[in-house]
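Notebook open, model loaded. I want to look at the ligand site and then at how some helices pack.

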Amino acid sequence: MPKIILHHYPESPFSEKIRLLLGYKHAGYQAVTVPVIMPKPELLPLTGGYRRTPVLQLGADIYCDTALIARVIDELLPEGTIYPPGNEATVAATARWTDSVFFRSCVSLAFQPQALAENELFQDPAAADAFFRDRAALTGGSSLAMAARTALPLFHNHLGNLDRQLAGSAFLFGNQPTEADFSTYHCCWFVHRNAALAGEFDPYANLRQWMSVMREFGHGEQEAIGGEDALAAAAAVSPRVAEGQSLEALDGLRPGERVEVMPTDYGFDPVKGVLMQSSVEHLSLLREDPQVGTVAVHFPRVGYQVTRAADDG
Ligand SMILES: N[C@@H](CCC(=O)N[C@@H](CS)C(=O)NCC(=O)O)C(=O)O
């Protein structure tokens, strides 16, 4: 079994969701720190164009998006599953809403001028300019932006609901954490870690108590490696080729066809390859790269679109 490699950076909220899950699972893993902005020359040979953070690598298998990464980790380390039977629909719907709408409100709050005042990156005007240009390119054509006056009531509305719900149970859906707890935590972490915003949590004692329990999971046993080591790990092995499963009746695409996949929300960078596996849960492409050879790139179905590759007519 190849080692787990997490491509992340410390300030990334979605990376925090996965670091904390790896901590909860007592996982040992290797971690590559990726650049906060483009270019990402040691990541894109693996993903084929997907630039969002984090990415999980198992040898020559590359997993994009925390909705899928969390599933893969839970399958590898099933003890204390974060997908307990009986709450499938509510956990999935809560995690997806939290990672999109609630996350957007948190981004809006964290990027207000008063919240950026103490942030080192934004003290250097050239670095700040490069960051905002990069994020404008990432979110161009999307509906990610939310005005702070819209975000703040939404944020407090949800914090109030969380606080009331957590009065009755240790975690959102009972006595063990689910994916919804990890999604909620990374959003709260992103706002709470900012000294100018931490006071927003003052009225919510149950939520703060839950955050300190979640924080205790830690980040697992993390070993830092370089991006070139991760590329070498992919080049050294072949992807775990799965049997072609077809969803042709639903999307008109057959395994073996050249396709392109990209997010439906933001970061519209298509990844091209040959469709290897397709189900209502996820999609896998095989692609060739001059640096790493054959890799399989995996995406969740929810939040991604797949079409026949334009260059194939
Ligand atoms: N739906 C994605 C969202 C990932 C995401 O938006 N990550 C942010 C960082 S927390 C990002 O990619 N920012 C731009 C970048 O890192 O290049 C997931 O769950 O992984």
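Before the ligand, a reminder to myself: I count a polar contact when a pair of N or O atoms lies within 3.5 Å. The model is predicted, and I keep that in mind throughout.

Entry 1, ligand. I looked up what surrounds the ligand and got 14 residues, with Lys40, Arg51, Thr53, Thr66 and Tyr266 coming nearest. Then I went through some side chains. The side chain of Lys40 has an N or O atom 2.6 Å from an oxygen atom of the ligand. For the side chain of Arg51, I read 2.7 Å from an N or O atom to a ligand oxygen. Thr66 also reaches a ligand oxygen through its side chain, at 2.6 Å.

Entry 2, α1 and α3. Thr66 turned up again here, since I found it listed among the α3 residues that meet α1. I checked the axes of α1 (residues 13-24) and α3 (residues 66-76): they come within 10 Å and cross at roughly 5°. Angles under 35 degrees count as roughly parallel, so α1 is roughly parallel to α3. On the α1 side I noted Phe14, Lys17, Ile18, Leu21 and Leu22. The contact splits into eight nonpolar residues, one polar and one charged.

Entry 3, α4 and α7. How do the axes of α4 and α7 cross? I got roughly 125°, with the axes coming within 8 Å. The two helices are therefore oblique to each other, and the crossing is left-handed. Residues making the contact include Trp97 and Phe102 of α4, and Phe155 and His158 of α7. I tallied 11 nonpolar, three polar and no charged residues there.

How values were computed. Residues are numbered from 1 along each chain as its sequence is written. This is a predicted model: local features need pLDDT of at least 70, side-chain atom pairs count only at pLDDT 80 or more; totals for chains, interfaces and linings use all residues. Side-chain values use heavy atoms; hydrogens and water are left out. Axes are lines fitted to C-alpha atoms, for helices over the stretch in contact, and angles run from 0 to 180 degrees between N-to-C directions. Helices (H or I, at least four residues) and strands (E, at least two) are DSSP runs, numbered from the N terminus. Angles under 35 degrees count as roughly parallel, over 145 as roughly antiparallel, 65 to 115 as roughly perpendicular and the rest as oblique. A crossing is left-handed if the near helix is turned anticlockwise from the far one by less than a right angle, and right-handed if clockwise. Contact means heavy atoms within 4.5 Å. Ala, Val, Leu, Ile, Met, Phe, Trp, Tyr, Cys and Pro count as nonpolar, Asp, Glu, Lys and Arg as charged, and the others, Gly among them, as polar. A residue is near a molecule or strand if one of its heavy atoms lies within 4 Å of it. A polar contact is a pair of N or O atoms within 3.5 Å; within protein, one must be able to donate a hydrogen and the other to accept it, and residues adjacent in sequence count only if both atoms are side-chain atoms.
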